[in-house]
Amino acid sequence: MSRPVMKRETIEDSAIRLFATKGLARTTIKDIAGEAGVTEGALYRYYSGKEEMAWKLFNRELDQFTHLVSEVLFDDRMPFDLRLGLAIQTIYDYYTYNGDQFAFILLTQHGFPEDKLLSRETEPMAMAERFVGQAVGAGEIPPCDADLHAGLLMGAILQPLVLHRYGKLELTPETPALVTTSCLRMLGLC
């Protein structure tokens, strides 16, 4: 790996960590440079500013995350309950092994202009709505308001992770299965 690539990765990792802990608004270019151990000018070799950096990193991380989850959610070779359970396990595993990236995706999405987020095919809420809508259409779950139930599912899946991030809930190896059972009940399948 060449030195400029390593420097860029260090800068990007530092930015994600700071955005995930301090938020977009409170993180400065100076903070990122200090965390990465580079000059502020080094950041401008790769990005025109903090906003461009945050948006590009957000898209990269969101695309990686949603790719993993969508591979499971939309694999119609498996029954609905198995797809949901595997997707939840995938989300919890991603959180466990990529906590800063997960927090960055989850917590910074509200810091970007809405017009950028609304058209995203990989936006997690849109994926959940599509998943529920397809399941209703295929008769895998009882008829329901797909938008409402997707929102309920997202809350049930993500809120325990937010509580854990803030030290208010302990996650155990059984947590994803408990969350899956709760989601299946919410959908009238348990």
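Contact here means heavy atoms within 4.5 Å. The views below come from a predicted model.

**View 1. Helices H4 and H5 pack against each other in a right-handed crossing.** Helix H4 spans residues 50-73, and helix H5 spans residues 80-97. Their axes come within 8 Å and cross at roughly 155 degrees. Angles over 145 degrees count as roughly antiparallel, and H4 and H5 are therefore roughly antiparallel to each other. From H4, the residues in contact are Glu61, Phe65, Leu68, Val69, Val72 and Leu73. They meet Arg83, Leu86, Ala87, Thr90, Ile91 and Tyr94 of H5. By residue class, this contact of H4 with H5 comprises 9 nonpolar, 1 polar and 2 charged residues.

**View 2. Helices H6 and H9 meet in a left-handed crossing.** Helix H6 covers residues 99-108 and helix H9 covers residues 146-165. The packing angle is about 115 degrees, and the axes of H6 and H9 lie 12 Å apart. On the H6 side the contact is made by Gly99, Asp100, Phe102, Ala103 and Leu106. On the H9 side it is made by Leu158, Leu161, Val162 and Arg165. The residues of the contact of H6 with H9 divide into 6 nonpolar, 1 polar and 2 charged.

**View 3. Arg165 and Asp100 form a salt bridge between H9 and H6.** In the pair of Arg165 and Asp100, the closest N and O atoms are 3.6 Å apart. The salt bridge links distant parts of the chain, with Arg165 in helix H9 and Asp100 in helix H6, 65 residues apart. Arg165 is partly exposed, at 29% relative accessibility. Asp100 also counts as partly exposed, with a relative accessible area of 24%. Both residues belong to the contact between H6 and H9.

**View 4. Glu12 of helix H1 forms a salt bridge with Arg60 of helix H4.** The N to O distance for Glu12 and Arg60 is 2.8 Å. Because Glu12 lies in H1 and Arg60 in H4, the pair ties together parts that are 48 residues apart in sequence. Glu12 is buried, at 7% relative accessibility, whereas Arg60 is partly exposed, with a relative accessible area of 30%.

**View 5. Glu12 also forms a salt bridge with Arg8.** The closest N and O atoms of Glu12 and Arg8 are 3.0 Å apart. Helix H1 spans residues 3-22, and Glu12 and Arg8 are 4 residues apart in it, so about one helical turn separates them. Arg8 counts as partly exposed, at 32% relative accessibility.

**View 6. Arg8, Glu12, Arg60 and Glu61 belong to one salt-bridge network.** The four residues are joined through salt bridges that share partners. Glu12 is one such shared partner, paired with Arg8 and with Arg60. Glu61 of the network is also one of the H4 residues that meet H5. A search of the whole structure finds 9 salt bridges.

**View 7. His149 is a buried residue of helix H9.** His149 has a relative accessible area of 15%. Buried means under 20% relative accessible area, so at 15% His149 counts as buried. Leaving aside neighbours within four places in sequence, His149 is in contact with Val132, Cys144, Met186 and Leu187.

How values were computed. Residues are numbered from 1 along each chain as its sequence is written. This is a predicted model: local features need pLDDT of at least 70, side-chain atom pairs count only at pLDDT 80 or more; totals for chains, interfaces and linings use all residues. Side-chain values use heavy atoms; hydrogens and water are left out. Axes are lines fitted to C-alpha atoms, for helices over the stretch in contact, and angles run from 0 to 180 degrees between N-to-C directions. Helices (H or I, at least four residues) and strands (E, at least two) are DSSP runs, numbered from the N terminus. A crossing is left-handed if the near helix is turned anticlockwise from the far one by less than a right angle, and right-handed if clockwise. Ala, Val, Leu, Ile, Met, Phe, Trp, Tyr, Cys and Pro count as nonpolar, Asp, Glu, Lys and Arg as charged, and the others, Gly among them, as polar. Buried means under 20% relative accessible area, exposed over 50%, partly exposed in between (1.4 Å probe, protein chains only). A salt bridge is a side-chain nitrogen of Lys or Arg within 4 Å of a carboxyl oxygen of Asp or Glu. Angles under 35 degrees count as roughly parallel, over 145 as roughly antiparallel, 65 to 115 as roughly perpendicular and the rest as oblique.
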